[in-house]
Amino acid sequence: MSGNGGEAAMMEGRKVKEEFRRLLGALRDGYPEGLEEELLGEGGELVEELILTAPRLLSVLLRMITGLAERAAALPPERMEELASRAREGLRPEDVSAAVNAVSRLIIAAREAGVALLPHSDAALAEKAMRGVDYGKLRKALIYRSEERLEVLRREVLELGENPLALVNLFSVAAPALNRLLGVLEALFGILQLPAEAMTYALWKILEDIDWRGAARVLNGAARLVVTLHRGNLILGDGAPHSREVAERIASDLLGEVEPVALAEALAALAEEGSVVAEALALRLLERPELLGELAEALAAVAGVEMRLAAAVLDKAAGLPEERLARVAAALREVLEEGEIARAAASLRGLSARLEEVSPGLRAALLGEAAAAIGVGWALSPSAAAERANRALAGAGRERGASQGPSYLKEFFAGVDFSSLEEAAGRASSALEEALRSDPRLAAAVLKVMLALLRASVRAAFSRARERLLRLRGGSLGLRGSGEVGR
């Protein structure tokens with residue numbers, strides 16, 4: 001019986017093969033109209049049979065694709081390319097779109113009827129199929145396919161480069177396409193001019209229907225992935241970030257091929273073009289004061305909202321429990337103890353000192369420009385310094401009787417480095433001498449100040465000597481009085 005069964009299967013196979021050959025011949029000669037009706041039957045009587053045999057048919061097709069790919073891989077490359085080119089000519093786009101539409105209608109109808117076209121048991125089938133896939137070969141095939149398509153695109157671009165007129169014509173497509181897109185957006189926003197409550201309800205309904213818990217789980221997964229990658233980075237780097245070496249290699253390869261002159265010129269050109277655009281926008285904005293006012297009010301409103309938000313956040317932060325505030329304080333203290341801020345400040349001071357060495361006066365010029373840019377340049381001007389000195393001198397006369405003045409000065413001078421003070425005094429005396437020579441009135445004023453300081457110093461010295469003499473005299477009188485009483 002097994003022999004008879006085998007012979008029957010072989011006969012069925014030959015019969016299917018002959019029928020399939022005739023079908024292939026008919027398809028190769030053209031597009032037989034009504035073929036799908038002949039296959040399915042006018043009344044659809046073969047539909048159920050085809051649905052039941054569809055899995056087997058799909059398996060047969062997959063096996064045929066497997067055999068076809070294996071045999072095609074053994075063909076000479078020229079023959080393979082010729083066959084692939086001829087085969088692509090036989091696919092009609094309208095057949096693809098009609099099939100997509102029909103499958104879409106099938107899925108919609110089945111879903112609305114509560115019928116599961118793909119039962120959950122298919123997950124096991126997919127799992128087994130995925131286990132049998134050679135992912136190494138799949139990866140290589142996908143890489144080769146992408147390289148093939150990109151190589152074709154590269155060749156097309158190079159061919160365009162040999163024809164500048166064609167390239168210019170292609171670039172000129174961008175403006176009309178963008179104009180069409182703007183027209184579409186304009187029409188879309190025109191359609192969206194619905195009643196405010198309708199648009200608002202629709203928007204919030206869409207937002208409400210989003211599975212935000214699922215979004216949170218996705219965010220959690222992304223966060224865990226970042227933590228995992230960071231831990232792996234530290235493990236590969238034996239405690240230090242392994243990514244530093246990778247980033248250094250990338251930066252070296254990238255910057256090694258950069259043309260510094262071209263990059264610098266490009267940045268300068270972009271900055272200049274940006275300033276031109278900004279200037280044009282500013283001038284046109286000033287020509288429309290109503291628009292300027294509206295924008296100013298909007299910016300003020302935005303700033304107010306940000307300030308309120310910042311205040312609310314700070315209020316909430318100030319009201320945190322002590323243990324949470326302690327954790328925040330510990331984190332801040334850890335940042336401070338690491339000394340990164342101090343190192344950055346020291347590096348900035350070192351750079352500033354080096355710049356001052358190679359270009360004396362640059363540091364003061366930079367400070368002046370920065371102060372002028374933020375609107376406080378007046379604070380660094382000589383006239384402003386003189387005004388502050390006048391106010392300080394006037395205030396010193398009014399606060400002369402304050403009890404904390406001497407102790408403050410005493411503590412201040414106790415911490416002064418007198419060698420540095422002497423060096424600074426020498427530089428200041430030289431500058432003062434030059435200034436005094438330029439203006440006799442200034443010399444007279446400084447002389448008066450010096451005489452006043454000298455007079456105050458002399459009076460203070462005489463006062464201390466007089467107090468000491470009185471104490472000594474008082475002590476001697478006390479001793480003499482005690483001796484007379486004793487006698």
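This briefing describes the fold, surface, charged pairs and selected residues of one protein chain. The model is predicted. The protein chain contains 21 helices and zero strands. Of its 487 residues, 3% count as buried.

**Overall architecture**

- Helices number 21 in the protein chain, while the number of strands is zero.
- Among the contacts in the protein chain with a separation of 6 or more, 11% join residues 24 or more positions apart.
- The protein chain has an accessible surface of about 42,800 Å², and carbon and sulfur atoms account for 65% of that surface.
- Buried residues make up 3% of the 487 residues in the protein chain.

**A nonpolar surface patch**

- Eight names belong to a nonpolar patch on the surface: L178, L181, L182, V184, L185, L188, F189 and L192.
- Together, the residues of this patch have about 710 Å² of accessible area.
- One of them, F189, is found in helix α9, which covers residues 174–191.

**Salt bridges**

- Side chains of opposite charge can pair when their charged atoms come close.
- The count of salt bridges in this model comes to seven, and three of the pairs are described here.
- E151 and R154 form a salt bridge in which the closest N and O atoms are 2.7 Å apart.
- Both E151 and R154 lie in helix α7 (residues 135–161), where they are three residues apart, about one turn of the helix.
- E151 has a relative accessibility of 28% and therefore counts as partly exposed.
- R154 is also partly exposed, its relative accessible area being 43%.
- D211 is paired with R217 in a salt bridge, with 3.8 Å between the closest N and O atoms.
- D211 is partly exposed because its relative accessible area is 48%, a value that does not pass the 50% cut-off for exposed residues.
- R217 has a relative accessible area of 51%, which is over 50%, so R217 is exposed.
- E357 forms a salt bridge with R354, and their closest N and O atoms are 3.8 Å apart.
- Helix α16 (residues 340–358) holds both E357 and R354, which are three residues apart, about one turn of the helix.
- Both E357 and R354 are exposed.

**The buried residue N233**

- N233 has its place in helix α11, which spans residues 212–236.
- The relative accessible area of N233 is 15%; this value is under 20%, so N233 is buried.
- A polar atom of the N233 side chain lies 2.9 Å from the backbone nitrogen of H242.
- Leaving aside residues up to four places away in sequence, N233 touches A240, P241, H242 and S243.

**The loop residue D238**

- D238 is placed in the loop between α11 and α12 (243–256).
- Most residues other than glycine have a negative phi.
- D238 is not a glycine, yet its phi is positive, at about 55 degrees.
- The relative accessibility of D238 is 73%, which means that D238 counts as exposed.

How values were computed: Residues numbered from 1 in each chain as written. Predicted model: local features only at pLDDT ≥ 70, side-chain atom pairs only at ≥ 80, totals over all residues. Heavy atoms only, no water. Patch = residues over 30% accessible without salt bridge, like charges linked within 9 Å, V, L, I, M, F, W, Y side chains within 5 Å. Areas by Shrake-Rupley, 256 points an atom, 1.4 Å probe, with all protein chains shown as cover. Salt bridge = Lys/Arg side-chain N within 4 Å of Asp/Glu carboxyl O. Helix = DSSP H or I, 4+ residues; strand = E, 2+ residues; numbered from the N terminus. Buried < 20%, exposed > 50% of the residue type's maximum accessible area, 1.4 Å probe, protein only. Contact = heavy atoms within 4.5 Å. Polar contact = N/O pair within 3.5 Å; in protein donor to acceptor, adjacent residues only side chain to side chain.
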